[in-house]
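This report goes through one protein model, starting from a helix and its cover and moving outward to the strands, the loops and some distances along the chain.

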Amino acid sequence: MDATLGLYLNGTRVASLPLTSKFAWQYFPTVSNTMDPSNDPATGRPLKRFDDIRYLFPTTLNANDVVRLQKDATDTSPTYGIDLIELEPVSDAISAPTNSLNVTQSPYNAVANDNGDDYSAFNSCVTDAKSTGKTMYCPILSCSLDSRLLSGDRRSQRR
Ligand SMILES: [Ca+2]
């Protein structure tokens with residue numbers, strides 16, 4: 001189920017946070033060479049996961065500001081479970097470091113804020129960064145990865 005939940009700042013609804021129960025439970029094979037979870041309970045060991053979302057307030061919060069989550073008529077889930085809310089200051093964006101590959105530029109061309117899958121762009125950029133000893137640079141943006149992106153010694157596995 002997909003539904004929103006109201007985010008309030010000092011009594012004003014400032015955002016409708018998009019939440020999903022898609023990741024509430026996933027099942028991992030007990031004997032397999034894959035780490036990919038499934039939504040099929042017959043697959044194996046159930047592990048609870050959660051939907052982790054981020055929101056950037058347009059301005060820095062002040063002492064005594066009141067942040068509240070509230071279910072309103074437009075928020076259609078019958079129930080919500082909130083594990084935690086973490087508030088922290090966000091640093092200014094950094095410019096691309098020397099010797100880095102920008103995932104939003106050619107040949108990767110990730111497109112921010114379009115809800116289109118940027119997995120291929122990120123996977124290619126990470127692969128190139130690893131093989132050339134560079135770092136991947138991702139400007140402040142919102143990209144969508146429809147598959148799990150792995151780095152390090154583990155191999156990327158895409159469904
Ligand atoms: Ca995109």
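The buried residues of helix α1 are covered in part by β6 (100-102) and β7 (135-137). This description rests on a predicted model. The buried residues of α1 are Ala 121, Phe 122, Cys 125 and Val 126. They lie on the same side of α1, because the arc they cover around the axis is only 125 degrees. An α-helix has 3.6 residues a turn, so residues three or four places apart point the same way.

The helix has 14 residues, and from its first C-alpha to its last it reaches 20 Å, close to the 20 Å expected at 1.5 Å a residue. Just after α1 comes Gly 133, with a positive phi of about 75 degrees.

Is every position of α1 buried, or what is the state of Ser 124, which is found in this helix (residues 119-132)? Ser 124 counts as partly exposed because it has 17 C-beta neighbours inside 10 Å, whereas 20 or more would be needed for a buried residue.

**Core**

The four buried residues of α1 named above, Ala 121, Phe 122, Cys 125 and Val 126, recur in the largest nonpolar core. That core has 8 residues, and its other members are Val 103, Tyr 108, Ala 110 and Cys 143. Which residues does Val 103 contact, leaving aside its neighbours within four places in sequence? Among them are Ala 121, Phe 122 and Cys 125 of the helix, together with Tyr 108 and Ala 110. Val 103 is also in contact with Met 136, Tyr 137 and Cys 138.

**Domains**

The domain assignment divides the protein chain into domain 1 (1-90) and domain 2 (91-152). Taken over C-alpha atoms, the centres of domain 1 and domain 2 are 24 Å apart.

**Strands**

Strand β1 (residues 2-9) is paired with strand β2 (residues 12-20) in the antiparallel sense, over 8 bridges. Within this pair, Thr 4 stands opposite Pro 18 in β2, and Leu 9 stands opposite Thr 12 in β2. Strand β1 is also joined to strand β5 (residues 67-70) by 4 bridges, and these two run antiparallel. Here Leu 9 has Val 67 of β5 opposite. Leu 9 therefore has a partner in β2 and one in β5, given that two strands count as paired if at least two bridges are found between them. In a regular strand the side chains alternate between the two faces of the sheet.

The hairpin of β1 and β2 has 2 residues between the strands, and Asn 10 is the one with a positive phi near 50 degrees.

**Backbone geometry in the loops**

Most residues other than glycine have a negative phi, and most peptide bonds are trans. Two asparagines depart from the usual sign of phi: Asn 10, at about 50 degrees, and Asn 64, near 75 degrees. Asn 10 is in the loop between β1 and β2, and Asn 64 is in the loop between β4 (45-48) and β5. Pro 107 is in the loop between β6 and α1. The peptide bond leading from Ser 106 to Pro 107 is cis, with omega near 10 degrees.

Are the two asparagines buried or exposed? Asn 10 is exposed, because 12 other C-beta atoms lie within 10 Å. Asn 64 is exposed as well, with 6 other C-beta atoms within 10 Å.

**Distances along the chain**

Two further residues outside the helix have a place and an exposure. Leu 150 lies in the segment after β7 and counts as partly exposed, with 14 C-beta neighbours inside 10 Å. Ile 94 is in the loop between β5 and β6 and is exposed, having 9 other C-beta atoms within 10 Å. The table gives C-alpha separations for these residues and for Ser 124.

| Residue pair | Separation along the chain | C-alpha separation |
|---|---|---|
| Ser 124 and Ala 3 | 121 residues | 32 Å |
| Leu 150 and Thr 127 | 23 residues | 10.0 Å |
| Ile 94 and Tyr 137 | 43 residues | 9.5 Å |

Tyr 137, the partner of Ile 94 in the table, is also one of the contacts of Val 103.

Conventions. Residues numbered from 1 in each chain as written. Predicted model: local features only at pLDDT ≥ 70, side-chain atom pairs only at ≥ 80, totals over all residues. Core = buried A, V, L, I, M, F, W, Y, C linked by C-beta atoms within 7 Å. Contact = placed C-beta atoms within 7 Å. Domains from an automatic or database assignment. Expected span 1.5 Å × (residues − 1). Arc of directions from axis to C-beta.
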